[in-house]
Amino acid sequence: MRPENYQAVNHPPSNEFELNFGPNHPGIEGNYAFKVKLNGDRVLEAKADAGYLHRGFEKLMEGRLWIQNIALVPRICVPDPAPMEICYSLAVEELGGLEVPERAQWIRVMQLEMSRLAAHLFTFGGHAATTGMYSTMFWGVADRDLILDRFEELTGGRVYSIFNLPGGVRRDIPEGYLSRLGDLLDYLDSRLTDYDDLFFRNQVFVKRARDLGVMSQEQALKWGVTGPNLRATGLPFDVRRDDPYLVYDQLDFDIPTEQAGDALARNLVRRAELQQSIRILRQIIAQLPHIKGPIRCPIPNPLAWQVPAGDSYARVESSKGELGYYVVSTGGEKPYRVHVRGPSSMHAVQVLENLAVGARLEDIAQIMFSLDACPPEVDR
Amino acid sequence: MTKALDTLLDSLLGELENIRVQRVTQRRIRVDVDADALPTLLELLQGRAGYIHLSAISCVDWVDELQFELVYHVWSYETRTLISAHTRIPREPGVYISIYDLYQPAAFFERDIHEMFGVYFEGSPNMEKFILTEWNGPPPMRKEFDSEQFVHQHFEFENYQPDWLRELEARGGGITKRPEDIR
Amino acid sequence: MSTLDKIPVREQPVTPGQSTKRSNPLAHVFDDLVAFCRAKSLFMLHYCTGCGAIELPPAMTSRYDMEQLGIQPMVTPRQADILLITGYVSIKTLKRIILTYEQMSSPKYVIGICSCTVNGGMYWQSYATAKVLKDYLPVDLYIAGCMPRPEAVIDGLKELIADIKTGRADNWKRYFQNYDYYLGNQQKLFGDDWQTPTDIIAEARCYQLLTDQTLGKHTALLEQHQQPLEALEMRLRNKEKQARD
Amino acid sequence: MTDIDYEDRGSILKPLRALGFLGRPAVTVPLKPRDASENYLGFHVNDWSLCVGCSTCQKVCDNAAISMVKIPELPEDPVKGLRNERPAIDYGRCCWCGLCVDICPTGSLALSREYVHHCREEELDSYFILPDPNGMHQETYPKGWAKTEDADLLDLQRQAMDELPCVQRVDTFTEIVEGYTPDQALIEASRCVQCGMCHDACPTHMQAPEYIRAIWEGDLEQAVREIYRTNPLARVCGRVCTHRCETACSIGRRGEPVAIRWLKRYAMDSLPDDRIREIVLELKPNYLSSRKIAIVGSGPAGLTAAFDLAKQGIDVTIYEAQQEAGGMMRYGIPEYRLPYDHLDADIAAISALGVNIIYNTRIGIDISMADLQHNHDAVVLAIGLQNGRSTRIPGSDHRQVVSAVELLRWQSAGQFLDIPQRAVVIGGGNVAMDAARTLARRQQQEYAQVNVTVCALEDLEHMLADPEEIDEAREEGVTILDSRGPCECVVDEYDKLVALKTYGVISVFDDEGRFAPRYNQDNAQFHDADLIIEAIGQMSDTNILGEELTERLEWYRGRLKVTPDGRTSEPWLWAAGDMVNGPDVVHAIADGHRVASSIDTCLVAEETPA
């Protein structure tokens, strides 16, 4: 068969076109595609075309030991892997009734917030690039890389850390790590104003992003939008606050919101979340030295680990929104079923399809990046 | 808040027969309900307690019981609790009702479950293939589909012959246990 | 078939690999110059096929700055020299990769990074990913890691550049010379009626890379159902549409 | 909420601000690989001197990237738990998660800080590497992700075994070791990584990984089945086995080995006897062979041989001189280590297979070897080592000087009646300890006080008895003197034994390493004794064979000469057990298997006309 990209469709004489947008397109975040129906450059209809990154994670997990899946899960969302590991671990811990030591919980929160910072910086970069402002991307990616250096120091891996096990974390933090992290935070803090000058106050961006992909709060709720995209419509919902996990209830942070619900608002929420993440991390740096104890509760021999039968649904606020893991065990050495609910599975498909209608072709990329859609989460 | 929730749950218990409610943790509630009663339950939850956010629909293939288990995770922004509504449908023919009219996000999950498990949801806006457009095997998430076996039938793997291995084999050594052997 | 057939082909016995002998003594000097320039400015196709792509933005941007090597991302296959396969390729993606690869103009170089391109990587059990990339495309360079750090990628690219300078990186020729083999593997995966719009056989003739391995039973299968593409009919002005708007 | 004013139009001079960036350091790093972090997940390194080839890394690898490769040059020693295999890793699969490092029982595997590798398509074989300490490209990089205390995925602590405290055990013969509770057994079983070192090390190659697995999965019947595949005397071995398996266990490389012996015992004890017998009877054949085999002696070797042969449907008869079966297991091992009812249960299970045991029948007296040969197709000689060796020092032929085996046999048979007030044991092995501790118990029962002295030739470090035996004996009030060489059993004028005279030992072996103790005559001691027990080794009582047969058989240093599978020079006669290769239960069992299979093959060979 011919790949449908090459199915030449002859329309009756009109200026309606069908266009395959992606998967190989710089405006697309990741490996993802749209079938767009255009009138001129107005989008009449957009249909998401996913599956380019499909690996059948949920099937693979059923074939691997509980602990082996730890290496698998971070791959589900490449730009923001830490929440994946931790969410899976939380689900398994709930099943196995494992008590995670407090120190481990703090270290986990540290990873989550670092990962959030990195992911947001990355998303700016993307969005800026879609408006032709590459220097923002260069800055964002370079600063993200500094965070990755800290990840590398902590976990031994730059992007995929594979640092969390059900029951805790795999290593304790290195000597003098927190101070180095503190320096990094100071640096990032000082950079924020640069970003404002370069990007958030940049009229090129502001004028293009405002009133783009507008979504009212009702629509957002109806479409199952979560995370910064939901908060950009004025609803201060955050899993960290409303369904607390780990030690977030001991941490002090705000939930930034915006009212407009357009691409600009979504970016401003992320911009504000950078500050909040830095704030949280500073609290952790202050607290962590006083929290002693083990970094992992004793777990059985991984080769013979049978998690008690049952099911659990764990939720984590990833940088993209609400991330959920539904894990079912039949008391065996492998999961019976793992279902991953990626936030982008809403944003990248339904929401994007809806928001794209009426937009102009060149704005689809912007909308996609402003929603921070992560294709591998959709495909799994 | 939790008190209000309890009263709500009691009222639900009253209105639907054979429904089992079980509070797992402070914010997690498990509800088991018959397949025909589920939409009503969700409607009540959405209408009465503001469970307007469908977090996910999970499908579990209980191949031995010849059943699919559908789990609807709904979240209420008001009561801040997550209700997981479990229901079971027969594996054959594997047809169920869509809840798209209640929750629009259901469209994605139902479509996903359809192509991964082969469960058909009547009334779902789009049951076409989405992720597996170029896959013409059985629904892969079904338990009877053995991915590893499929791979060994359809793919060859790299057969390395590095020099050190050849030398070892010349000296009577060589690979004794391949990873496939212990699986 | 496609218009490439119209290109006049010099009637000469073609031996695979080596180019036909030239009379002009300066020709080789010229070739070396070309190879040198080619190695100095490489365009890398901007296509994130898998997770490894996450390490490319750092490699391309200020921190590691690939452009010091004269390598830049390029958005269209036609102008790209390097096709970077970043990690696992799901079968759906592999089709696009092959289409893209065939659209790229020779000489073209394929780099497979991450474990997955070599032997299936951590998705070796997966029903949805292709396992051994080099069965479907000739690969010039592999970079190990899951995923490789930007430094590793750049180090690999340096080697590729060196190979281009010496003219050693010519695996792209193999695709034309052994098209039947590659097509066979592709058909095994995508079904017998798999075809791409690019007419590889005609191109092979044009590049004088047509060998006895180029054609075979798989290409014969291809001939049966290959039709040329029809162009889309477009009209910019349209009465009734305007009336509606 | 945001504090930035994105309405701000800025001014035309704003771009000049960018000049400020000239002062900032550049973020670009040089175009060469940076040093990786301290616990970087880089390429593998493997310390071959530590690695034992247990293949645990292969089991935990989630990408099926690890193959075990045999390297002929490396040492292989099942008894020490060494395999000459090392992991080879496929970098076309590996994802550098480091689980292999965290689980490695020996701690030999680690990830280095090396991370750059690339190759052309034709060099792709370089992706399949055999990690050694030198790193992937023979350049040694510092270690990255390596084993740390808090990150070990294995439980190195063994489940403690409860024992009777001294006060409770010293005056009774009830079993000392109490055995695992179900929870303990479960935890202990879960520690196993299924490497199979134990299986290789065990003389009779028990299916230890399989039955430990079964225990972990809670399927005790399966465990018992696995045990009976290779060992019909599991209750005995679960208690008194010399557990070579545990010395080989790969967990024992850094921690305490899995308590394989106690787990076997747990499996056997936790099922009711009749259920176990049913499981054994599953092995009973539904056919009967016409062959008849006689086995002399119902020790471990004889019983095992009988068990195997009976599984072949062969009619087996065991001739036992004593009034009960078990040989040394009954008459050599004191009850507090191996309670008789467990031994009886094992024997009952075996005889349930149709093995016929004739008691109180002494070969040479009640029935001759010739008759056995005449009535049976083959005869197995498994008479063990029933006679104690004598020191042959002056007075050692006195009636108050007995051998340890004799004493233990009295005790087991209930014939040990007049208990000596003061006893001296000569010897430093486990048998000596058994005798001493038995005496101690009897003395406690009779006189409520212990006066037993053990005179060992070796010093404490080199004493042959297990350390815990020595400690427990001391706890129970036994005096243990090391480096004392016996020189005379002193007898008074009324021909009554009064004491043992010993010299201090200068050296036990001579320069060539032969046994030739040298004494220091000046350092003489007298140990008062009403009874002297000689525990310096046993020998087998071969008189029963009769001169004529003894003539025909071939001998080697007083031991019967046999082929590896137990055949003597006589075509109808096999020999097995301690009399062939030294005193050890599990070796005797292995011997029994060997002999049985050898007999079976020979009989089959005879049946099929050549």
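This is a guided tour of a predicted model, taken chain by chain, with a suggestion at each stop of what to select next.

**Chain A as a whole**

Begin by selecting chain A and hiding the rest, with the secondary structure shown as a cartoon; 14 helices and 8 strands are assigned in this chain. Along the principal axes, the C-alpha atoms of chain A fill a box of roughly 70 × 50 × 35 Å. The radius of gyration of chain A is 21 Å, which agrees with the value near 21 Å that a compact globule of 380 residues would have.

**The three-stranded sheet of chain A**

Next select residues 16-21 and 42-49 of chain A, which are strands E1 and E3, the edge strands of an open sheet, each of them pairing on one side only. Adding strand E2, residues 33-39 of chain A, completes the sheet of 3 strands, whose order is E1-E2-E3 and whose pairing is antiparallel. Viewed across the strands, the sheet shows a twist that averages 20 degrees from one strand to the next. Between E1(A) and E2(A) the antiparallel pairing extends over 6 bridges, and a convenient place to inspect it is Phe21(A), whose bridge partner in E2(A) is Phe34(A). If side chains are switched on here, it helps to recall that in a regular strand the side chains alternate between the two faces of the sheet.

**A helix pair in chain A**

Staying in chain A, select helix H5 (residues 134-155) together with helix H6 (residues 177-200), whose axes come within 11 Å and cross at roughly 170 degrees. Because of that crossing angle, H5(A) is roughly antiparallel to H6(A), the term being used for angles over 145 degrees. To see the contact itself, display the side chains that H5(A) contributes, among them Trp139(A), Leu146(A), Ile147(A) and Arg150(A), and those from H6(A), including Tyr177(A), Leu184(A), Leu188(A) and Phe199(A). Colouring the residues of this contact by class gives 10 nonpolar, 2 polar and 5 charged.

**The hairpin of chain B**

Move now to chain B and select strand E1 (residues 20-23) and strand E2 (residues 28-32), which run antiparallel and are joined by 4 bridges. The connection from E1(B) to E2(B) is a hairpin that passes through 4 residues. Within the pair, Gln22(B) has Arg30(B) as its bridge partner in E2(B).

**The two domains of chain C**

In chain C, colour residues 20-169 as domain 1, and residues 174-203 together with 213-229 as domain 2. The centres of these two domains of chain C, taken over C-alpha atoms, are separated by 22 Å. Their contact draws 11 residues from domain 1 of chain C and 10 residues from domain 2 of chain C. On the domain 1 side, helix H3 (residues 91-103) of chain C is the element to select, for the largest share of that side, 6 residues, comes from it. By class, the residues of the domain 1 side divide into 7 nonpolar, 1 polar and 3 charged.

**Where chain C meets chain D**

Bring chain D into view beside chain C: 30 residues of chain C are in contact with 25 residues of chain D. On the chain C side, select helix H4 (116-119), strand E7 (141-143) and helix H5 (150-166), each of which supplies at least two residues. The largest share of this side, 6 residues, comes from H5(C), and the side as a whole has 13 nonpolar, 9 polar and 8 charged residues. Then look at E7(C) alongside strand E5 (residues 118-120) of chain D, since the two strands pair across the chains in the antiparallel sense over 3 bridges. One bridge to pick out is that of Leu141(C), whose partner in E5(D) is Arg120(D).

**Chain D and its domains**

Finally, select chain D alone, in which there are 21 helices and 23 strands. Its C-alpha trace spans about 130 × 70 × 55 Å along the principal axes. A compact globule of 610 residues would have a radius of gyration near 25 Å, but chain D has 32 Å. Colour chain D by domain, using 44-151 for domain 1, 166-280 for domain 2, 288-386 with 540-607 for domain 3, and 387-537 for domain 4. For a last stop, focus on domain 3 and domain 4 of chain D, whose centres, taken over C-alpha atoms, are 31 Å apart. Their contact takes 7 residues from domain 3 of chain D and 9 residues from domain 4 of chain D. The domain 3 side of this contact has 3 nonpolar, 2 polar and 2 charged residues.

Methods. Residues numbered from 1 in each chain as written. Chains lettered and ligands numbered in written order. Predicted model: local features only at pLDDT ≥ 70, side-chain atom pairs only at ≥ 80, totals over all residues. Axes fitted to C-alpha atoms, helices over the stretch in contact; angles between N-to-C directions. Parallel < 35°, antiparallel > 145°, perpendicular 65-115°, else oblique. Contact = placed C-beta atoms within 7 Å. Nonpolar A, V, L, I, M, F, W, Y, C, P; charged D, E, K, R; others polar. Domains from an automatic or database assignment. Pairing = 2+ DSSP bridges. Rg over C-alpha atoms; globule rule 2.2 N^0.38 Å.
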